[in-house]
Amino acid sequence: MEYLNEMTLTFLSHSINESFARSAVAGFCVQLNPTIDEIGDIKTAVSEAVTNCVVHAYPDKKGWITMFVGLKPNEVVIKVSDEGVGIENLARAREPFFTTKPDEERAGMGFTVMESFMDEVILEKNNKRGVVVTLKKVLNKKQNKSCMNG
Amino acid sequence: MQVTSKIINDTMYLSILGELDEHSAGYARDMMDSLMKEGDFRQIIVDLSGLEFMDSTGIGVMIGRYKKMKQRGIPIYVAHPSKQIDKIFMMTALYDVMPKIN
């Protein structure tokens, strides 16, 4: 088993589900005994990834967002995937201040925020359609023992 | 999400409370614009002590208000952000146009 514990949630791309998604991930990660700052970082990154699905993946209709969370002894792995319109140029989407919707007061800083708050961010095309964002964060760098280790 | 304001002398104190994300951004934008439209003030201090969460959607909201106030020559200052929000303001250089005060 790659992970100590894992969960998958699938929900519609309503913006009200952004707060649900980040709270659900935060609640699930508590078993690794993270610090308040680590939880804050994870919630921010998850919010960015889910917002991308809400705003960009499904511009005209609501679609499904799937969020997987896997827990390792000292690491959280989160995969946020959609089956939406996809991103043509994945590298360009990650550039700071790049946005396809400047007229909507969008800053284009979503990926920059994810990269700054997490240890690793991977952006890939999804198998069928859409994209998958993988977020990884090493926890307990100050050597706290996780609850799951007994 | 709640936005409140009060004017003391020539300063508008604007408080943003709750969570600012894509879901609440439209409401926050409309509330801030309507509060900033009225009253006699020469600067705005945005109090973020009650803002429990903000992601990059909030950057767009803040820059939009900054641009509107700049046209009227009214500076905006930011006070009491949480650690995560402080990090977002720093990485996007928002403090260059909206300085942080204590």
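Helices and strands here are DSSP runs, with at least four residues for a helix and at least two for a strand, numbered from the N terminus. In this predicted model, chain B reads β-β-α-β-β-α-β-α-α-β along its sequence. That gives chain B 4 helices and 6 strands. Chain B has a radius of gyration of 12 Å, close to the 13 Å that the globule rule gives for 102 residues, so it is as compact as a globular protein of that length.

Here is chain B in a few values:

| Property of chain B | Value |
|---|---|
| Box filled by the C-alpha atoms, along the principal axes | roughly 30 × 25 × 20 Å |
| Buried share of the 102 residues | 35% |
| Share of contacts with a separation of 6 or more that join residues 24 or more positions apart | 73% |

Now to the place where the two chains meet. Here 19 residues of chain B are in contact with 22 residues of chain A. On the chain B side, the elements that give two or more residues are α1 (22-37), α2 (57-71) and α3 (83-91). Of these, α2(B) gives the most, with 6 residues. By class, this side of chain B has 6 nonpolar, 7 polar and 6 charged residues.

Over in chain A, let's look at one lysine. A:Lys101 sits in the loop between α3 (90-93) and α4 (110-117) of chain A. Is A:Lys101 buried or exposed? A:Lys101 counts as exposed, because it has 12 C-beta neighbours inside 10 Å, and the cut-off for exposed is 12 or fewer. A:Lys101 and A:Ser15 are 86 residues apart in sequence, and their C-alpha atoms are 17 Å apart in space.

Notes: Residues numbered from 1 in each chain as written. Chains lettered and ligands numbered in written order. Predicted model: local features only at pLDDT ≥ 70, side-chain atom pairs only at ≥ 80, totals over all residues. Buried ≥ 20, exposed ≤ 12 C-beta atoms within 10 Å, placed from the backbone. Rg over C-alpha atoms; globule rule 2.2 N^0.38 Å. Contact = placed C-beta atoms within 7 Å. Nonpolar A, V, L, I, M, F, W, Y, C, P; charged D, E, K, R; others polar.
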